[in-house]
Amino acid sequence: MSDCIFCAIASRDIHGRIVHETEHSLAFLDVNPLAPGHTLVVPKDHYARLDDMPDEISADLFGAVDELVPRVEDAVDADASNVGINNGPAAGQEVEHVHVHIVPRFEDDGGSP
Ligand code: 5GP
Ligand code: ZN
């Protein structure tokens, strides 16, 4: 989709710090991280909301998330992580291309992101 920043990263039209790729999904570092290692996992094709994604794409995306969570935590020596989706503008979704946040958390980091 034109004018979508995550489509532009997925098509390599703009630079993203890509950390993982599957057939249908891409993971890259958040440009404005809430914590070191804050990673976004997106479908390569444009879907605005969770229920817009076909099952195959959804399975690929969440499979990638499942695989990445421990790897992201290990990479930054985190104790845990917040894994979440803002699904729709009223829920805080600013980029209207489905993305899963993986935000590493640390015992002493002081609470909710
Ligand atoms: P949302 O509020 O839509 O759930 O989160 C959007 C996220 O995308 C934010 O954490 C923001 O920092 C990140 N973001 C916005 N533009 C870019 C970009 O151009 N590149 C990367 N890597 N992340 C972006
Ligand atoms: Zn898009």
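1. Ser 25 stands opposite Pro 43 in strand 3. The two belong to a longer pairing: strand 2 (residues 25-29) and strand 3 (residues 39-43) run antiparallel over five bridges. Phe 28 and Leu 40 of strand 3 form another opposed pair. Two strands count as paired if DSSP finds at least two bridges between them.

2. Ground rules. This is a predicted model, in which local features need pLDDT of at least 70 and side-chain atom pairs count only at pLDDT 80 or more, while totals for chains, interfaces and linings use all residues. Residues are numbered from 1 along each chain as its sequence is written, and chains are lettered from A and ligands numbered from 1 in the order in which they are written.

3. Inventory. The protein has two helices and five strands. From the N terminus the order of elements is α-β-β-β-α-β-β. Helices (H or I, at least four residues) and strands (E, at least two) are DSSP runs, numbered from the N terminus.

4. Sheet. The five strands make an open sheet, ordered 1-2-3-5-4, with antiparallel pairing. Strand 1 (18-21) and strand 4 (80-84) are the edges; each has a single partner strand, so one side of each lacks a neighbour in the sheet. From one strand to the next, the twist averages 20 degrees. Helix 2 (residues 55-76) packs on this sheet and touches strand 1, strand 2, strand 3, strand 4 and strand 5 (100-105). The direction of helix 2 makes about 20 degrees with that of strand 5. Axes here are lines fitted to C-alpha atoms, for helices over the stretch in contact, and angles run from 0 to 180 degrees between N-to-C directions.

5. The hairpin. Three residues link strand 1 to strand 2 in a hairpin. The two strands pair in the antiparallel sense over three bridges. Within this pairing, Glu 21 faces Leu 26 of strand 2. In general, strands of a sheet pair through backbone hydrogen bonds, either parallel or antiparallel.

6. Burial. Strand 2 is mostly covered, with four of its five residues buried. A residue is buried if 20 or more other C-beta atoms lie within 10 Å of its own, exposed if 12 or fewer, and partly exposed in between; the C-beta atoms are placed from the backbone. Over the protein as a whole, 26% of the 113 residues are buried.

7. Ala 27 is worth a look. This residue lies in strand 2. Ala 27 counts as buried because 25 C-beta neighbours fall inside 10 Å. Setting aside neighbours within four places in sequence, Ala 27 contacts Ile 18, Val 19, His 20, Thr 39, Leu 40, Val 41, Ala 64 and Leu 68. Contact means C-beta atoms, placed from the backbone, within 7 Å. Arg 17 is ten residues from Ala 27 along the chain, and their C-alpha atoms are 8.4 Å apart.

8. Two backbone points to check. Most residues other than glycine have a negative phi. Arg 12 is not a glycine, yet its phi is positive, about 65 degrees. Arg 12 sits in the loop between helix 1 (5-10) and strand 1. With 10 other C-beta atoms within 10 Å, Arg 12 is exposed. Asp 77 also has a positive phi, about 60 degrees, without being a glycine. Asp 77 is in the loop between helix 2 and strand 4, and is exposed, with 10 other C-beta atoms within 10 Å.

9. Overall dimensions. The radius of gyration is 14 Å, which agrees with the value near 13 Å for a compact globule of 113 residues. That radius is taken over C-alpha atoms, and the globule rule is 2.2 Å times the number of residues to the power 0.38. Along the principal axes, the C-alpha trace spans about 40 × 30 × 30 Å. Of the contacts between residues at least 6 apart in sequence, 59% join residues at least 24 apart.

10. Ligand 1. Thirteen residues surround it, and Val 31, Asn 32, Asn 86, Glu 94 and Val 95 come nearest. A residue is near a molecule or strand if its C-beta atom, placed from the backbone, lies within 6 Å of it. The shell holds six nonpolar, five polar and two charged residues. Ala, Val, Leu, Ile, Met, Phe, Trp, Tyr, Cys and Pro count as nonpolar, Asp, Glu, Lys and Arg as charged, and the others, Gly among them, as polar.

Note on methods
Contact = placed C-beta atoms within 7 Å.
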